[in-house]
Amino acid sequence: MSSVRANAVKAFAGRGATDVRLVYNDDGSAYGANANGNGLVGVNTFQSIQNPIKETMGLIELGHVYETGIGRHDVKLGLYGTTADWAHDRNDGVGLTEVAPNARLLDIVAVNAGGQVVGRVTDTGIQRYEARFAHSYGGYEDVAFYIYDEWQVTPKLRVDGGFRYETIWIHGYSEGVKSFNLGNPDTLADDNVLYGSGVFNRFDPKFSDHSYTIGANWQFIPEAGIFGRYTSTYRLPQIGQYRDNVLPTGIRSQSIEQAEAGVKFQKPWGSLYATLFYNSFKDVQFTNTYIDPASLRIVQEINYGDVSTTGVELEANLKPVRWFDVSATATYQEPKFKNYTYNTIVAGAPVTTSFDGNRPSSMPKVMASIRPRVSLIGGRLRVLGEWRYEGDKFNDDSNLVKLPAFSVFNASAELDVTQNVTVQVKGTNLSNALGLGQGGGQQLVPGAADGAVILARPIFGRAVQGSVLFKF
């Protein structure tokens with residue numbers, strides 16, 4: 001707030017400005033230091049984003065089954081292609097609100113020694129008309145070839161493997177950005193408006209990569225088996241990475257390595273799966289978007305790093321009687337960063353921090369769910385319940401703020417009134433639990449003098465939905 005005060009007093013010095021005041025936009029009343037029990041001010045982005053796309057896809061696949069002296073081969077060859085026209089337009093403004101349900105807009109006004117308003121930092125709650133602008137258009141063509149073979153070696157042993165090669169051609173134009181002063185002398189909100197410069201930069205990169213996989217399943221007895229799979233794959237860059245005015249450099253394909261192995265047990269009355277897994281994602285792009293408190297410009301920083309995780313997943317299903325069954329899943333994992341550094345500016349000098357060994361933000365170690373189901377009246381009435389648990393997670397990649405674990409209860413009931421009419425009632429988060437599903441990363445909330453104040457995305461509260469399905 002100190003930088004805002006200094007800029008406002010300087011800008012309206014000719015009108016006798018000596019200080020600034022925070023007021024409600026609708027009636028001009030003062031916003032108290034302890035308003036809503038917190039006195040906090042939310043700096044929010046108001047976004048308008050249009051991203052139209054027209055895409056045409058095609059797939060040709062040929063397959064044949066070969067009986068050999070050692071089992072049966074089911075071979076498939078495929079060619080996939082797509083072409084698309086794409087555009088992206090984005091306009092972001094910055095506005096101030098109180099931190100409360102149904103938050104009201106706030107204004108910062110410049111006042112003279114007598115407390116009279118002599119100028120405005122904001123305009124109807126908007127502190128920056130246009131803090132982020134993007135205008136891009138173009139398209140892409142993508143072609144992929146693949147081959148796959150499923151080899152049934154014996155009645156108990158199956159082996160499969162595949163290979164894929166893909167190329168994408170991305171092309172288009174992205175408009176540069178220029179700052180404009182719209183010339184309203186009564187507010188600072190229009191002094192630094194970002195809009196298109198009229199200068200378009202062309203992009204036309206090409207990327208190629210390949211993947212392969214091999215897996216096996218051994219059903220050593222009818223009720224039980226073991227399985228395993230290894231996959232080396234990728235994620236090619238997408239046209240959306242070229243949507244902003246400054247064309248990115250160093251864009252590269254993301255490498256993905258996955259492995260899993262486990263055992264399975266199946267009976268008519270139930271089943272159990274236990275799987276060990278390993279995932280490694282290299283050259284993952286991390287985008288940190290936040291509002292610079294000094295310039296109020298929306299800043300977007302791009303970093304690259306590696307993420308790996310190892311874990312175990314258990315899945316079980318029990319059906320003791322015809323009309324009742326219950327299924328459950330539980331996952332434990334250890335996700336970690338590798339080769340990931342974060343750059344910040346401290347006292348005008350760049351500072352590099354390593355996040356190696358940290359847990360990625362918004363990623364829990366433990367997840368679990370239990371889903372009982374009852375089927376009554378000859379299967380015409382179906383009632384499903386769910387308990388879902390999500391363990392604690394971090395709000396940021398630096399692992400400074402932890403978001404607590406939470407659990408929710410969901411339920412639904414579906415009744416076939418007739419063969420042509422079905423009624424359904426569905427309830428989510430029936431206990432109205434408070435849970436933070438995703439952190440806000442490095443976004444800042446000005447005005448927090450004491451304690452850790454964060455932005456985070458909550459889960460939805462209790463909701464009930466009803467529907468009727470007519471078949472004719």
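A residue is taken as buried under 20% relative accessible area, as exposed over 50%, and as partly exposed in between. In this predicted model, Ile226 has a relative accessible area of 35% and therefore counts as partly exposed. Ile226 belongs to strand β11, which covers residues 224-235. When residues up to four places away in sequence are left aside, the contacts of Ile226 are with Ala216, Asn217, Trp218, Phe220, Gly262 and Val263. With respect to Pro458, which lies 232 residues from Ile226 along the chain, the separation between the C-alpha atoms is 40 Å.

The strand pairing around Ile226 places one of these contacts in register, since Trp218 is the residue that stands opposite Ile226 in β11. Strands β10 and β11 run antiparallel and are joined by eight bridges, and the connection between β10 and β11 is a hairpin of two residues. Strand β10, comprising residues 206-221, also pairs with strand β8, comprising residues 157-180, in the antiparallel sense and over 13 bridges. Within the pairing that involves β10, Glu166 is found opposite Asp209.

A separate arrangement is formed by three strands, which make up an open sheet in the order β1-β5-β6 with antiparallel pairing. The edges of this sheet are occupied by β1 and β6 (117-120), each of which has a single partner strand, so that one side of each is left without a neighbour in the sheet. From one strand to the next, the twist averages 40°. Strands β5 and β6 run antiparallel and are joined by three bridges, and Val109 stands opposite Arg120 in β6.

As regards the nonpolar interior, the largest core consists of 20 residues, and those with the most contacts inside it are Tyr31, Leu106 and Ile108. Two or more residues of this core are contributed by each of α1 (2-11), β1 (19-24), β2 (41-50), β4 (72-98) and β5 (106-111). Another core, of 13 residues, lies apart from the largest one, and its members include Trp86, Ile170, Phe207 and Leu236.

Methods: Residues are numbered from 1 along each chain as its sequence is written. This is a predicted model: local features need pLDDT of at least 70, side-chain atom pairs count only at pLDDT 80 or more; totals for chains, interfaces and linings use all residues. Side-chain values use heavy atoms; hydrogens and water are left out. A nonpolar core is a set of buried Ala, Val, Leu, Ile, Met, Phe, Trp, Tyr and Cys residues joined through side-chain atoms within 4.5 Å. Buried means under 20% relative accessible area, exposed over 50%, partly exposed in between (1.4 Å probe, protein chains only). Helices (H or I, at least four residues) and strands (E, at least two) are DSSP runs, numbered from the N terminus. Contact means heavy atoms within 4.5 Å. Two strands pair if DSSP finds at least two bridges between them. Axes are lines fitted to C-alpha atoms, for helices over the stretch in contact, and angles run from 0 to 180 degrees between N-to-C directions.
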